[in-house]
Amino acid sequence: MAKTNLHLLSKLGFLSEARRFAWYPPFWMMRVKVLELDDDWSHVRIKLPLTWVSANAAGNMFGGFQANLADPVPAIACVQKFPGYRVATKKLELDFLRVGSSDLTLQFDFDKQQAEAIQMELDEHGRATPCFEMHYVREDGEVCTLIKNTIAIRPKGYVGNHDRKGR
């Protein structure tokens with residue numbers, strides 16, 4: 001398997017986790033800024049700036065920019081909390097309540113009770129598919145987008161039915 005930009009950035013141990021995340025090429029090009037990041041990714045705040053590139057024809061934040069930034073956050077948090085598993089986004093849902101008419105802040109929290117429930121499921125079944133909720137907040141404090149992100153946590157080497165040859 002080819003080495004990715006993220007893999008190369010992970011080797012730069014002198015950079016903080018927040019800096020490595022912000023310098024990942026897709027996020028660097030989006031000009032994201034990590035505002036708050038706990039070591040175990042249980043509390044995350046990331047600013048997504050509204051720029052001429054991220055604005056749609058009406059001048060509001062493209063939904064695709066919001067989805068792109070929200071996609072990996074719970075998966076990375078699960079990698080931190082449950083090392084040794086293969087982790088990936090399974091499903092991502094965005095509910096646009098209000099227009100993203102300013103810079104947005106992605107707010108993600110991974111509470112201890114959810115982590116314990118996931119660990120119990122992993123111990124019992126060897127896999128888990130938790131759903132995380134997070135949201136974007138505009139500069140005026142209004143929530144503009146609700147996000148549900150379902151994560152697949154599987155044993156390393158796991159091959160699902162859809163990935164098997166001949167299907």
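**Entry 1: the strands**

I began with β5 and β6, which run antiparallel and are joined by 7 bridges, and I noted that I was working from a predicted model. Between these two strands I found a hairpin with 4 residues in between, and in its turn Gly-141 shows a positive phi of about 90°. I then followed β6 to its pairing with β3, where 11 bridges join the two strands, again in an antiparallel arrangement. To see how β6 is placed, I looked up Leu-146: on the β5 side it stands opposite His-135, while in the pairing with β3 Leu-146 is the bridge partner of Asp-95.

**Entry 2: the helix**

I next turned to α6, which covers residues 112–125 and, with its 14 residues, reaches 20 Å from its first C-alpha to its last, close to the 20 Å expected at 1.5 Å a residue. Which residues of α6 are buried? I found Ala-115, Ile-118 and Leu-122, and, seen down the helix axis, the buried residues fall within an arc of 65°, so they line one face of α6. On the face turned away from that buried side I listed the exposed residues Gln-113, Met-120, Asp-123 and Glu-124.

**Entry 3: contacts and ends**

I checked what the buried residues of α6 pack against, and the list includes β3 (85–96), β5 (131–138) and β6 (143–155), together with the helix α5 (73–81). At the N-terminal end of α6 I found Asp-111 acting as a cap, with a side-chain oxygen 3.1 Å from the backbone nitrogen of Gln-113. After α6 comes Gly-126, for which I noted a positive phi, near 80°.

Notes
Residues are numbered from 1 along each chain as its sequence is written. This is a predicted model: local features need pLDDT of at least 70, side-chain atom pairs count only at pLDDT 80 or more; totals for chains, interfaces and linings use all residues. Side-chain values use heavy atoms; hydrogens and water are left out. The expected span of a helix is 1.5 Å times one less than its number of residues. Buried means under 20% relative accessible area, exposed over 50%, partly exposed in between (1.4 Å probe, protein chains only). The arc is that of the directions from the helix axis to the C-beta atoms. Contact means heavy atoms within 4.5 Å. A polar contact is a pair of N or O atoms within 3.5 Å; within protein, one must be able to donate a hydrogen and the other to accept it, and residues adjacent in sequence count only if both atoms are side-chain atoms. Two strands pair if DSSP finds at least two bridges between them.
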